[in-house]
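Got the viewer open? Here is a walk through the chain, one selection at a time.

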Amino acid sequence: MELSAGIQASLAGRYASALFDLASEAGTVTAVESDLDRLDAALSESEDLRALIRNPEISRSQIAGAMDGIGAHLGLSELTRNFLGVLSDNRRVSALPGMIRAFATIAAAQRGEVQAEVASAHALTDDQIATLESKLRAREGRTVKLKSRVDPDLLGGLVVTIGSQRIDSSIRTRLNSLAQAMKATGA
């Protein structure tokens, strides 16, 4: 499997690669990926959880207990719960969001997919997401797994991120570009 050197070189990437290898051996990649999606959603929804994983004053045993409780509450698989235990023991829970992203990238690459994220000012409909996936598939030449999120600051349009590429057609960026052009010409 070909992985970018950036993923393998990062701390999050090394942990995600190790988790992916264990999940592959156990035949549970899909289950672990689903677990990590639930964890990612929990992190997105809870400021308290984000603060907890970043707090350096919490002891190893306290963070391990909290992670075990979260794992039980979310119904995570044994492998994912053990992984959270290792992160707690190694004081690496703060890197969990990066590990989740790295695992998703590794799993997508294994399936011949590419990960993409689209940010829009308003929630996209299923039809809009399907159309965008189709256009990105044609552009990339492979299946695109699209995650969408809402960013009201964009005002309108889209920002699509595929790996390190960014396609920005947001109104905010166009307005900023127009303002810069007006400054440059003295208008």
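Before we click on anything, one term: two residues are in contact when they have heavy atoms within 4.5 Å of each other. Keep in mind, too, that you are looking at a predicted model.

**The whole chain**

Start with the protein chain in cartoon view. You should find 9 helices and 4 strands. Follow the cartoon from the N terminus and the elements come in the order α-α-α-α-α-α-α-β-α-β-β-β-α. Along its principal axes, the C-alpha trace spans about 60 × 40 × 30 Å.

Now switch on the surface. The accessible surface comes to about 10800 Å², and carbon and sulfur atoms account for 52% of it. Of the 187 residues, 34% count as buried. Colour by charge and you have 21 positive and 23 negative side chains, with the centres of the two sets 6 Å apart. As for how the chain folds back on itself, take the contacts between residues at least 6 apart in sequence: 66% of them join residues at least 24 apart.

**Stop 1: the strands**

Select residues 113-120, which make up strand β1. Is β1 mostly covered or mostly open? Covered: 7 of its 8 residues are buried.

Add residues 143-150, strand β2. β1 and β2 run parallel and are paired over 8 bridges. To see one place where they line up, pick E113, which stands opposite T143 in β2.

Next, add residues 158-162, strand β3. β3 runs antiparallel to β1, and 5 bridges join the two. Here the residues to pick are A116 and, opposite it, I162 in β3.

Finish with residues 165-168, strand β4. β4 pairs with β3 over 4 bridges, in the antiparallel sense. Show V159 and you will find D168 of β4 standing opposite. While you have side chains switched on, recall that in a regular strand they alternate between the two faces of the sheet.

**Stop 2: an aromatic pair**

How many aromatic pairs does a search of the whole structure find? There are 2. One of them is Y15 with F83, so show both as sticks: the arrangement is edge-to-face, 6.5 Å centre to centre with 70 degrees between the planes. Y15 sits in helix α2 (residues 11-26) and F83 in helix α6 (residues 78-89), so this pair ties together parts that are 68 residues apart in sequence.

Both rings belong to residues that are tucked away. The cut-off for buried is under 20% relative accessible area, so Y15 counts as buried at 17%, and F83 does too at 9%.

**Stop 3: along helix α2 and helix α6**

Stay in helix α2 and select G13. G13 is buried, with a relative accessible area of 0%. For a sense of distance, draw a line from G13 to L158: the two are 145 residues apart in sequence and 28 Å apart in space, C-alpha to C-alpha.

Move over to helix α6 and pick S88. S88 is buried as well, with a relative accessible area of 1%. What is S88 in contact with, leaving aside its neighbours within four places in sequence? Select R60, I63, A64, M67 and V93 to see them.

**Stop 4: the loop after α6**

Go to R91, in the loop between α6 and α7 (96-110). Most residues other than glycine have a negative phi. The phi of R91, however, is near 55 degrees, a positive value. R91 counts as partly exposed, at 36% relative accessibility.

**Stop 5: helix α9**

Last selection: residues 171-185, helix α9. Is R174 in this helix buried or exposed? R174 counts as exposed, because its relative accessibility is 52% and the cut-off is over 50%. Draw a line between the C-alpha atoms of R174 and G157: they are separated by 9.6 Å, with their positions 17 residues apart along the chain.

Then pick A179, also found in helix α9. A179 counts as partly exposed, at 33% relative accessibility. Its C-alpha atom is separated from that of G156 by 17 Å, and the two residues are 23 apart along the chain.

Terms used:
Residues numbered from 1 in each chain as written. Predicted model: local features only at pLDDT ≥ 70, side-chain atom pairs only at ≥ 80, totals over all residues. Heavy atoms only, no water. Buried < 20%, exposed > 50% of the residue type's maximum accessible area, 1.4 Å probe, protein only. Areas by Shrake-Rupley, 256 points an atom, 1.4 Å probe, with all protein chains shown as cover. Lys, Arg positive; Asp, Glu negative; His and termini not counted. Charge placed at Lys NZ, Arg CZ, Asp CG, Glu CD. Pairing = 2+ DSSP bridges. Phe/Tyr/Trp six-rings, centres within 6.5 Å; stacked < 30°, edge-to-face > 60°.
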